[in-house]
Amino acid sequence: MARVILIASGKGGTGKTTVAAALACALCDAGRRVLAVDLDAGMGNLDIALGMHDAALFSIAEVLSGAVAVEQAAAPVHGREGLSLLTAPTAGYVPAADKLASFCADIRAKDTDVILDCGAGLGDILAAAREAADLVLVVALPEDASLRNASSTAQFLAQRPALKIRLVCNRIPVKRRILRRTRICIDTCMDNTGLPLAAVIPEDEGARLATARGNVLYDNSRSSVRESVKALAGRIISNIF
Ligand SMILES: Nc1ncnc2c1ncn2[C@@H]1O[C@H](COP(=O)(O)OP(=O)(O)O)[C@@H](O)[C@H]1O
Ligand SMILES: [Mg+2]
């Protein structure tokens, strides 16, 4: 069963694009067809996270306007058969909610998962994506400000009652000295956002290097993002949410 998965958070820099790219790779490696859509108008970097900078030309804007068919617009992601990408639209673009929802439903009907990588904030793009999604992953850091923003995001998304909204705790510290505090921290994350937990992703020491080198983090076999997001993809495929 294909799904439309929205990656959201109130704040920027929580790891939405990192999770979106890793989840796209994980679902693809598990045999799913996947369309990754960058909805961070003017600020997108999903192409870079997928190792596709300068390779993906078309965005959801050209597809929804009817200028280009999705088959031509979606750029095949290097080295991952079945995964393709629509890069970010220009700043100020907002997709019509009904058009985005019917576009995503058409892709889903072709047994292809859709991943929507949203920017920060509770604006019109998130409102449109809310209408298209089956499952939302709200990515939050274990910090008061991030949890408060995640909670506001969840309330905004819950305006569509059928939507499944789950929490992804990202950048959880792994040093042994603070493990005890980390456990409390994950409880606090769930309690403060009021969201059930979908995944816990540890701080990944390789993330900075991957970004600096333009590598795909998921391709690093020692990546903790890879390990956690692979497990998350397994949960999504087994339909436990
Ligand atoms: N689990 C992690 N461990 C270490 N660094 C991370 C992790 N997740 C994300 N990052 C880093 O945080 C920064 C912001 O991530 P990004 O995915 O672009 O966030 P967003 O899309 O929410 O703005 C990037 O430099 C990324 O490499
Ligand atoms: Mg991003």
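The exercises below, each with a worked solution, concern a predicted model.

**Exercise 1. The sheet**

Work out in what order the strands of the open sheet lie and which of them are the edge strands.

Solution. Begin with the order: 8 strands form an open sheet that reads β3-β4-β2-β5-β1-β6-β7-β8, and the pairing within it is mixed. Next, look for strands that pair on one side only, which identifies β3 (75-76) and β8 (197-202) as the edge strands. Then follow the pairings in the middle of the order, starting from β2 (residues 33-38), which runs parallel to β5 and is joined to it by 6 bridges; in this pairing Ala36 stands opposite Ile115 of β5. Strand β5 (residues 112-117) also pairs with β1 in the parallel sense, over 4 bridges, and here Ile7 has Asp117 of β5 as its bridge partner. On the other pairing of β1, 4 bridges join this strand to β6 (residues 135-140), again in parallel, with Ile5 standing opposite Leu135 of β6. Finally, β6 and β7 pair in the parallel sense over 6 bridges, and the bridge partner of Leu135 in β7 is Lys164.

**Exercise 2. The surroundings of two strands**

Determine how many residues of β1 and of β7 are buried, and say what follows for each strand.

Solution. The criterion needed is that a residue is buried if 20 or more other C-beta atoms lie within 10 Å of its own. By this criterion 5 of the 5 residues of β1 (residues 4-8) are buried, so the strand is largely enclosed by the rest of the structure. Taking the two faces of β1 separately, Val4, Leu6 and Ala8 lie on one side and Ile5 and Ile7 on the other, and since every one of them is buried, both faces are covered. For β7, 8 of the 9 residues are buried, and this strand too is therefore largely enclosed by the rest of the structure.

**Exercise 3. Helices on the sheet**

Establish which strands helices α5 and α7 touch or lie across, and what covers the buried residues of α6.

Solution. Helix α5 (residues 97-109) lies across β1, β2 and β5, and its direction runs at about 145 degrees to β5. Helix α7 (residues 144-157) packs on the sheet as well, touching β1, β6 and β7, and makes an angle of about 165 degrees with the direction of β6. Turning to α6 (residues 124-132), its buried residues are Ile125, Leu126, Ala128, Ala129, Arg130 and Ala132, and the elements that cover them include β1, α5, β5 and α7.

**Exercise 4. Helix α1 and the ligand**

Find which element supplies the largest share of the shell around ligand 1, and describe that element.

Solution. The shell around ligand 1 has 16 residues, of which Gly15, Lys16, Thr17, Thr18 and Ala207 come nearest. Sorted by character, these shell residues divide into 3 nonpolar, 9 polar and 4 charged. Sorted by element, at least two residues come from each of α1 (16-29), β7 (164-172) and α9 (207-213), and the largest share, 3 residues, comes from α1. This helix has 14 residues and reaches 20 Å from its first C-alpha to its last, close to the 20 Å expected at 1.5 Å a residue. Of its 14 residues 13 are buried, so α1 is largely enclosed by the rest of the structure. After α1 comes Gly31, which has a positive phi near 100 degrees.

**Exercise 5. Two residues with positive phi**

Decide for Arg171 and for Asn239 whether the residue is buried or exposed.

Solution. Most residues other than glycine have a negative phi. Arg171, however, has a positive phi near 60 degrees, and Asn239 has a positive phi near 65 degrees. Arg171 lies in strand β7 and counts as buried because it has 22 C-beta neighbours inside 10 Å. Asn239 lies in the segment after α10 (224-237) and counts as exposed because it has 8 C-beta neighbours inside 10 Å.

**Exercise 6. A pair separated in sequence**

Determine how many residues separate Glu227 and Ile201 in sequence, and what the C-alpha to C-alpha separation is in space.

Solution. Glu227 is found in helix α10 and is partly exposed, because 16 other C-beta atoms lie within 10 Å. Glu227 and Ile201 are 26 residues apart in sequence, and from C-alpha to C-alpha they are 8.4 Å apart in space.

Methods:
Residues numbered from 1 in each chain as written. Chains lettered and ligands numbered in written order. Predicted model: local features only at pLDDT ≥ 70, side-chain atom pairs only at ≥ 80, totals over all residues. Near = placed C-beta within 6 Å. Nonpolar A, V, L, I, M, F, W, Y, C, P; charged D, E, K, R; others polar. Buried ≥ 20, exposed ≤ 12 C-beta atoms within 10 Å, placed from the backbone. Expected span 1.5 Å × (residues − 1). Pairing = 2+ DSSP bridges. Contact = placed C-beta atoms within 7 Å. Axes fitted to C-alpha atoms, helices over the stretch in contact; angles between N-to-C directions.
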